[in-house]
Amino acid sequence: MNQTNSSADQIYTIYILSDGTGETAVTMIRAALVQYSEKEINIQRCKNIRTEEQVKMLVNECFDRRGMIAYTFASPNLRQKTAELCNE
């Protein structure tokens with residue numbers, strides 16, 4: 001019995017962080033994912049984010065789960081904080 005997961009069996013998660021609804025990012029991500037229809041990809045939309053602490057918690061959760069992050073923030077502070085945390 002082989003217990004290693006091949007990349008074909010892996011489930012990927014994309015976290016979408018937004019201080020609004022996140023609908024724009026979801027639309028863009030879904031359009032890009034058309035190229036990867038054979039992969040199982042979950043989209044986790046995290047909307048109405050207002051604080052840097054919320055960003056930090058979600059980035060940490062994403063990293064723990066080996067996910068990917070896309071974000072759309074109107075707030076320059078939240079954009080900067082997200083970029084900083086993702087680059088650590």
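A residue is called buried here when its relative accessible area is under 20%, and exposed when that value is over 50%. With these cut-offs in hand, the predicted model can be read element by element, starting from helix α3.

Helix α3 covers residues 76-87, and its buried residues are Leu78, Thr82 and Leu85. Viewed down the axis of α3, these buried residues fall within an arc of 70°, so they line one face of the helix. A general rule helps to picture this: an α-helix has 3.6 residues a turn, so residues three or four places apart point the same way. The buried residues of α3 pack against α2 (52-64) and β3, while Pro76, Asn77 and Asn87 are exposed on the other side of α3. The length of the helix can be checked too: at 1.5 Å a residue, the 12 residues of α3 should span 16 Å, and the C-alpha atoms at its ends are 17 Å apart, which agrees.

Helix α1 (residues 23-33) can be described in the same manner. Ala25, Val26, Ile29 and Leu33 are the buried residues of α1. Down the axis of α1, they fall within an arc of 100°, so they too line one face of their helix. The cover over these buried residues includes β1, β2 and β3. On the other side of α1, Thr24, Met28 and Ala31 are exposed.

The strands come next. Strand β1 (residues 11-18) is mostly covered, with 6 of its 8 residues buried. Strand β1 pairs with strand β2 (residues 40-46) in the parallel sense over 7 bridges, and Tyr15 stands opposite Gln44 in β2. Strand β1 also pairs with strand β3 (residues 68-72), again in the parallel sense, over 5 bridges; here Leu17 stands opposite Tyr71 in β3. Together, β1, helix α1 and β2 make a right-handed β-α-β unit.

One residue of β1 deserves a closer look, namely Ser18. Is Ser18 buried or exposed? At 4% relative accessibility, Ser18 counts as buried, because the cut-off for that class is under 20%. A polar atom of the Ser18 side chain lies 3.4 Å from the backbone nitrogen of Gly22. Leaving aside neighbours within four places in sequence, Ser18 is in contact with Cys46, Lys47, Asn48, Ile49, Thr72 and Phe73. Among these partners, Cys46 belongs to the residue range of β2 (40-46), and Thr72 to that of β3 (68-72).

Conventions: Residues numbered from 1 in each chain as written. Predicted model: local features only at pLDDT ≥ 70, side-chain atom pairs only at ≥ 80, totals over all residues. Heavy atoms only, no water. Buried < 20%, exposed > 50% of the residue type's maximum accessible area, 1.4 Å probe, protein only. Helix = DSSP H or I, 4+ residues; strand = E, 2+ residues; numbered from the N terminus. Pairing = 2+ DSSP bridges. Right-handed = clockwise from strand over helix to strand, strands pointing away. Expected span 1.5 Å × (residues − 1). Arc of directions from axis to C-beta. Contact = heavy atoms within 4.5 Å. Polar contact = N/O pair within 3.5 Å; in protein donor to acceptor, adjacent residues only side chain to side chain.
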